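Student: Hi, I have a structure open and I'd like to talk it through. Could you help me read it step by step?

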Amino acid sequence: MSNIIGSGPVDHASAIAATERWLEKAVIGLNLCPFAKAVHVKKQIRYVVSDATTPEALLEMLMDELQLLSDTPAEEVDTTLIIHPHVLIDFEDYNEFLDVADAALEDMGLMGELQVASFHPDYQFADTDKNDIGNYTNRSPYPTLHLLREESVERAVEAFPEAEAIFEKNIETMEKLGHEGWDKLFPQVK
C-alpha cells in the first residue's frame, strides 16, 4: 500500500473507500483480525474522517467519538475507525499520541470499557526494521485510530481459541505473502 497521505486535501469518501478496501483485502482478506468480518458484514463499523490539522483538534474529535461509541448500542456501532489524513503523519508523533489517547480514556472514565488500537501507513513495531513485512499487519492507507469496545474484544477472544496466537499467525501470513504479494494486493498508483 502506498503512503497516500500528504498529497493535498483528502476527500472524505475517498479516504473511507481506501480504508474499507484495506479492511476487506488485508484485515479480513488475509484474516489478520478474525473478529473484523462479522462487524463489517453487519455494518457496525463507523468510519469518520477527521479534518484536524493539530493533535489538539484530533484529541477533541477522539473524545467526542469515544463518548459517542460509549453512548451507542453495540448493535448499531460496535467499533469506530477515525481516519486522520492531515495530522500525525510522522509515525513517531502518531505513536506518542497514543499515550494521549489512553490518558483521554482514563480522564473520561472509559478505561476498561473502550480501548484505542493503532494503524498507520508507516507503522513500525518496536525493535523491527522499518521495511520488515511484519509491520504491514498494522499499515493502513491513512493514520487511523481504532476505537474498540472491551466487551466486544472479550467476547471475540472467548469465541476464538488461541487468540493470543493471532499476532504470531499474522507475522507468518505476512512473511509468506512478502512485499511482492502485498504490492499485488495494493498496486502503486502511478
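Student: To start, which side chain does Glu 65 meet in a salt bridge?

Tutor: Before anything else, please keep in mind that this is a predicted model. In it, the side chain of Glu 65 forms a salt bridge with that of Arg 46, with 2.8 Å from N to O. The pair links distant parts of the chain, since Glu 65 belongs to helix 3 (residues 55-71) and Arg 46 to strand 1, and the two are 19 residues apart.

Student: And is Glu 65 buried or exposed?

Tutor: Glu 65 counts as buried because its relative accessible area is 7%, and the cut-off for buried is under 20%. Its partner Arg 46 is partly exposed, with a relative accessibility of 30%.

Student: OK, Arg 46 is in a strand. What does strand 1 pair with?

Tutor: Strand 1 pairs with strand 2 (residues 79-83) in the parallel sense, and 5 bridges connect them. Within that pairing, the residue of strand 2 that stands opposite Arg 46 is Thr 80.

Student: How many residues of strand 1 are buried?

Tutor: Strand 1 covers residues 45-49, and 4 of its 5 residues are buried, so the strand is mostly covered. As a general point, side chains in a regular strand alternate between the two faces of the sheet.

Student: Back to salt bridges, how many are there in the structure?

Tutor: The structure holds 3 salt bridges. Besides the one between Glu 65 and Arg 46, there is one between Arg 155 and Glu 151, whose closest N and O atoms are 3.6 Å apart, and one between the side chains of Lys 184 and Glu 180, at 3.7 Å from N to O.

Student: Where do Arg 155 and Glu 151 lie?

Tutor: Both lie in helix 5 (residues 150-159), where they are 4 residues apart, which is about one turn of the helix. Arg 155 is partly exposed, with a relative accessible area of 43%, whereas Glu 151 is exposed at 57% relative accessibility.

Student: Why are Lys 184 and Glu 180 separated by about one helical turn?

Tutor: They are separated by about one helical turn because they are 4 residues apart in helix 6 (residues 166-185). Lys 184 is exposed, with a relative accessible area of 63%, and Glu 180 is exposed as well, at 59% relative accessibility.

Student: New topic: which residues form the negative surface patch?

Tutor: That patch is formed by Asp 90, Glu 92, Asp 93, Glu 96, Asp 99, Asp 102, Glu 106 and Asp 107. To take one of them, Glu 96 sits in helix 4 (residues 91-107), and it counts as exposed because its relative accessibility is 55%, where the cut-off for exposed is over 50%.

Student: What about the loops, where is Ala 74?

Tutor: Ala 74 is found in the loop between helix 3 and strand 2, and it counts as buried, with a relative accessibility of 16%. Measuring in space from C-alpha to C-alpha, Ala 74 and Glu 56 are 28 Å apart, and in sequence they are 18 residues apart.

Student: And where is Thr 54?

Tutor: Thr 54 is placed in the loop between strand 1 and helix 3, and at 33% relative accessibility it counts as partly exposed. The C-alpha atoms of Thr 54 and Lys 130 are separated by 25 Å, while along the chain these residues are 76 residues apart.

Technical notes. Residues numbered from 1 in each chain as written. Predicted model: local features only at pLDDT ≥ 70, side-chain atom pairs only at ≥ 80, totals over all residues. Heavy atoms only, no water. Patch = residues over 30% accessible without salt bridge, like charges linked within 9 Å, V, L, I, M, F, W, Y side chains within 5 Å. Areas by Shrake-Rupley, 256 points an atom, 1.4 Å probe, with all protein chains shown as cover. Salt bridge = Lys/Arg side-chain N within 4 Å of Asp/Glu carboxyl O. Lys, Arg positive; Asp, Glu negative; His and termini not counted. Charge placed at Lys NZ, Arg CZ, Asp CG, Glu CD. Buried < 20%, exposed > 50% of the residue type's maximum accessible area, 1.4 Å probe, protein only. Pairing = 2+ DSSP bridges.
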